[in-house]
Amino acid sequence: MSEPPAPTQTQHPGRATFRTVVAGLLGLITLLPWILAGAHLDGTVLGGQALAVSAAVTRILAIPAVNDWLTEHAPWLAATPRRP
């Protein structure tokens, strides 16, 4: 019996880290209006929003069709390098 292939996170840890950072930054961007307006909101609400957006972006990046599109149009964000 052959072993299953290693996950892309193991094969390309740098790409996995970069994709997670991108997802986190996209989540933080949604907080910018509150930060700039100086709203006095509970930090838990803001942190929850950032986590929710980050989780959603990470889940979307994990969809095979999205990864195929990224491989074609944004290879720097794809889970694996584009094959020649």
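Asn-67 touches Arg-19, Leu-61, Ala-78 and Ala-79, leaving aside residues up to four places away in sequence. This residue is a good way into the structure, which is a predicted model.

**Around Asn-67**

Asn-67 sits in helix H5, which covers residues 64-73. Is Asn-67 buried or exposed? Asn-67 counts as buried, because its relative accessibility is 14% and the cut-off for buried is under 20%. Its side chain reaches out to the backbone nitrogen of Ala-79, at 2.8 Å.

A second residue of helix H5 is tied to Asn-67. Thr-71 also lies in helix H5. The side chain of Thr-71 reaches the backbone oxygen of Asn-67, at 2.8 Å. Asn-67 thus takes part through its side chain with Ala-79, and through its backbone oxygen with Thr-71.

Thr-71 is buried too, with a relative accessible area of 17%. Leaving aside residues up to four places away in sequence, Thr-71 touches Ala-78, Thr-80 and Arg-82.

**The segment after H5**

Two partners of Thr-71 come from the segment that follows H5. Ala-78 is found there, and Thr-80 lies there as well.

Take Ala-78 first. Its relative accessible area is 1%, so Ala-78 is buried. Which residues does Ala-78 touch, not counting those up to four places away in sequence? They are Arg-15, Arg-19, Asn-67, Leu-70 and Thr-71. Ala-78 and Asn-67 are eleven residues apart in sequence, and their C-alpha atoms are 5.7 Å apart in space.

Thr-80 has another setting. With a relative accessible area of 21%, Thr-80 is partly exposed. Its contacts, again without residues up to four places away in sequence, are Thr-8, His-12, Arg-15 and Thr-71. Thr-80 and Leu-70 are ten residues apart along the chain, and 9.8 Å separates their C-alpha atoms.

Arg-15 is touched by Ala-78 and also by Thr-80. Arg-19 is touched by Asn-67 and also by Ala-78. Both arginines fall within the residue range of helix H2, 13-29.

**Leu-28 in helix H2**

Leu-28 is found in helix H2. Leu-28 counts as partly exposed, because its relative accessibility is 48%. Along the chain, Leu-28 and Ala-50 are 22 residues apart. Their C-alpha atoms are separated by 5.4 Å.

The residues described so far compare as follows.

| Residue | Relative accessible area | Class |
|---|---|---|
| Asn-67 | 14% | buried |
| Thr-71 | 17% | buried |
| Ala-78 | 1% | buried |
| Thr-80 | 21% | partly exposed |
| Leu-28 | 48% | partly exposed |

**The largest pocket**

The largest pocket has a volume of about 300 Å³. It is lined by 14 residues, and those closest to its centre are Thr-8, Gln-9, Arg-19, Ala-62 and Ala-79. Some of these names are already familiar. Arg-19 and Ala-79 are both touched by Asn-67, and Thr-8 is touched by Thr-80.

Which helices supply at least two residues each of the lining? They are helix H1 (8-11), H2, helix H4 (43-61) and H5. H2 gives the largest share of the lining, five residues. By type, the lining divides into six nonpolar, six polar and two charged residues.

**The whole chain**

How many helices and strands are there in the protein chain? There are five helices and zero strands. From the N terminus on, the elements run α-α-α-α-α. The chain has 84 residues, and buried residues make up 20% of them. Among contacts with a separation of 6 or more, 54% join residues 24 or more positions apart.

**Confidence**

The protein chain averages a pLDDT of 79. Of its residues, 80% score at least 70. Which element has the lowest mean pLDDT, and which the highest? Helix H3 (residues 32-37) has the lowest, at 68, and H5 has the highest, at 91. Where pLDDT is low, predicted coordinates should not be read in detail. Asn-67, where this report began, belongs to helix H5.

Terms used: Residues numbered from 1 in each chain as written. Heavy atoms only, no water. Helix = DSSP H or I, 4+ residues; strand = E, 2+ residues; numbered from the N terminus. Buried < 20%, exposed > 50% of the residue type's maximum accessible area, 1.4 Å probe, protein only. Polar contact = N/O pair within 3.5 Å; in protein donor to acceptor, adjacent residues only side chain to side chain. Contact = heavy atoms within 4.5 Å. pLDDT = per-residue confidence, 0-100. 1 Å grid on protein atoms, 1.4 Å probe; cavity = no way out; pocket = protein on both sides within 12 Å on 5 of 7 lines; lining within 4 Å. Points joined across faces, edges and corners; volume = space filled by probe spheres on them. Nonpolar A, V, L, I, M, F, W, Y, C, P; charged D, E, K, R; others polar.
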